[in-house]
Amino acid sequence: MQTIPKLKLLAERLDLSESTVSRALNNYSDIAEQTKELVRNLADEMGYQPNIHARRLASGKADTVAFVMPPLNDQLNNSFFSELMTGMALALDKRGWDLQILAPNNAAEQSKFFKRISRSGNISGLVISRTLIQDPRFEILKKLEIPFISFGRSENIEESAWVDVDNKKAFIEMTEHLFNLGHRAIASIGGPPIYNFTKQRAEGWSQAMAALDVSVPQQYQETSELSFEGGKAAMKRLLSLGAPPTAVCCVSDVVAIGAMQALRENGLQPGSDVSLIGYDGLNIGDWLEPPLSTMRQPIEEAGRQLSEMLINIIEGGQKTSAFQKLFRATLVRRGTDNPPNLDGSHPENSSQLKTKN
């Protein structure tokens, strides 16, 4: 049986004190980053596992963070958050921390969870997501003095920690891509208006359309629940217009998949008669027919960053607002983004849609 190396052996191999090695593994701020990296690399190489229970008894800390799961509508949203939590768990495991999942059914139950955590001390910090435009959770958690970080920004986060993807930039790039393919009738299906990412993505689409000097009907800006059914219903409303769009920017892959079904039910081929681009980069998009083009978020890496930043916040030494990271989404072209099919029946030939002069 292979013996798991002890802290003493790591210290001997690196010619460092056991205290220095221990503090490096636990990311103390008084240890140089170069030393931390050296210690962690050797620990990984040797298969070192910290004595978590002994460390927790000595420190009095839980060494556990919790992810607050938002209410989910379908299994594809589950797969998004599963990938996020995979990244979180990998980073936590490397540091000897645990991940717990909280699944409140509503805002009132969520507030009860927060108060219980504040009293018990069984959880050292929280990760929240699906941030609102003005999110009351930021103030609640600050008042309860619970360390936290959010996946997503809000308009009231100046002094808070967050990891996010540049939603506005992603929708600008998505819209410009469809324009460069030849589309002028480009619609948008957004999400519920309470979420900040919905606002950011809608702003990206509208800003791009204005910059491209394309005039579109007001009805081209649709909203949807984050579900197959929501995307399907929104796409049906767009198809009922006198001049339906030839391309649609969708707030999520889930919504885009619902929109694809609406096209089929109306005798149209996704990607041929109407182009679609989703958002998230879920692997299920590869298995559709045609495969769904999408803006891919670095979901697992975002999860890693959330865990790393939250541990650093819990252990102190820097302002919370120092922990802010903005990622970029990247276009993944599959099979649903193509030039418009100009056969005389599309909106480019309609007097209801025109390019400004």
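Tutor: Let's fix one term first: a contact means heavy atoms within 4.5 Å of each other. Also keep in mind that this is a predicted model.

Student: Okay, of the contacts in the protein chain with a separation of 6 or more, what percentage comes from residues 24 or more positions apart?

Tutor: The pool here is the contacts with a separation of 6 or more in the protein chain. Within that pool, residues 24 or more positions apart account for 70%.

Student: And what percentage of the residues in the protein chain is buried?

Tutor: The chain has twelve helices and 14 strands. It has 357 residues, and the cut-off for buried is under 20% relative accessible area. Buried residues make up 51%.

Student: What share of the accessible surface belongs to carbon and sulfur atoms?

Tutor: The total for the protein chain is about 16900 Å². Carbon and sulfur atoms hold 48%.

Student: Let's zoom in on Ser160. Is it buried or exposed?

Tutor: Ser160 sits in the loop between β4 (148–151) and β5 (162–165). Its relative accessibility is 1%, and under 20% counts as buried. So Ser160 is buried.

Student: Which side chain makes a polar contact with the side chain of Ser160?

Tutor: Leaving out residues up to four places away in sequence, Ser160 touches Phe138, Lys142, Phe148, Thr320, Ser321 and Gln324. The polar contact between side chains, at 3.3 Å, is with Lys142.

Student: What about Ser293: how far is it from Asp337 in space, C-alpha to C-alpha?

Tutor: Ser293 is in the loop between β10 (275–280) and β11 (294–296), and it counts as buried because its relative accessible area is 0%. Its contacts beyond four places in sequence include Leu276, Ile277, Val332, Arg334 and Asp337. In sequence Ser293 and Asp337 are 44 residues apart, but in space the C-alpha distance is 6.2 Å.

Student: Which residue does a cis peptide bond join to Glu289?

Tutor: Omega for this bond is about -5°. The partner lies in the loop between β10 and β11. It's Pro290.

Student: Now for backbone oddities. What is the phi of Arg130?

Tutor: Arg130 lies in the loop between β3 (125–129) and α7 (136–143). Its relative accessible area is 14%, so it's buried. Arg130 isn't a glycine, yet its phi is positive, at about 50°.

Student: And is Asp213 buried, partly exposed or exposed?

Tutor: Asp213 also has a positive phi, near 65°, without being glycine. You'll find it in the loop between α9 (196–211) and β7 (214–215). Its relative accessible area is 32%, and the middle class runs from 20% to 50%, so Asp213 is partly exposed.

Student: On to the empty space. What is the volume of the largest cavity?

Tutor: Rolling a probe the size of a water molecule over the atoms shows where empty space is left. Two cavities of 30 Å³ or more turn up. The largest has a volume of about 290 Å³.

Student: How many charged residues are in the lining of that largest cavity?

Tutor: The lining has 20 residues, with Phe80, Arg130, Phe197, Arg201 and Gln297 nearest the centre. α5 (75–94), β5 and α9 each supply at least two of the lining residues. By class, seven are nonpolar and eight polar, and the number of charged ones is five.

Student: What's the volume of the second largest cavity?

Tutor: Its lining includes Phe171, Ser188, Thr198, Arg201 and Val251, and β6 (186–190) and α9 each supply at least two residues. Four of the lining residues are nonpolar, four polar and one charged. The volume is about 30 Å³.

Student: Last one: which element gives the most to the lining of the second largest pocket?

Tutor: That pocket holds about 450 Å³ of space, and Pro71, Gln110, Leu132, Arg137 and Tyr195 are the closest to its centre among 25 lining residues. By class, the lining has 14 nonpolar, seven polar and four charged residues. α6 (107–120) and α7 each supply at least two residues. The top contributor, with four residues, is α6.

Key. Residues are numbered from 1 along each chain as its sequence is written. This is a predicted model: local features need pLDDT of at least 70, side-chain atom pairs count only at pLDDT 80 or more; totals for chains, interfaces and linings use all residues. Side-chain values use heavy atoms; hydrogens and water are left out. Buried means under 20% relative accessible area, exposed over 50%, partly exposed in between (1.4 Å probe, protein chains only). A polar contact is a pair of N or O atoms within 3.5 Å; within protein, one must be able to donate a hydrogen and the other to accept it, and residues adjacent in sequence count only if both atoms are side-chain atoms. On a 1 Å grid over the protein atoms alone, a cavity is a set of points where a 1.4 Å probe fits but cannot get out, and a pocket is an open set with protein on both sides within 12 Å along at least five of seven lines; lining residues have an atom within 4 Å of a point. Grid points are joined across faces, edges and corners, and a volume is the space filled by probe spheres set on the points. Ala, Val, Leu, Ile, Met, Phe, Trp, Tyr, Cys and Pro count as nonpolar, Asp, Glu, Lys and Arg as charged, and the others, Gly among them, as polar. Accessible areas come from the Shrake-Rupley method with a 1.4 Å probe; for residues, only the protein chains shown count as cover.
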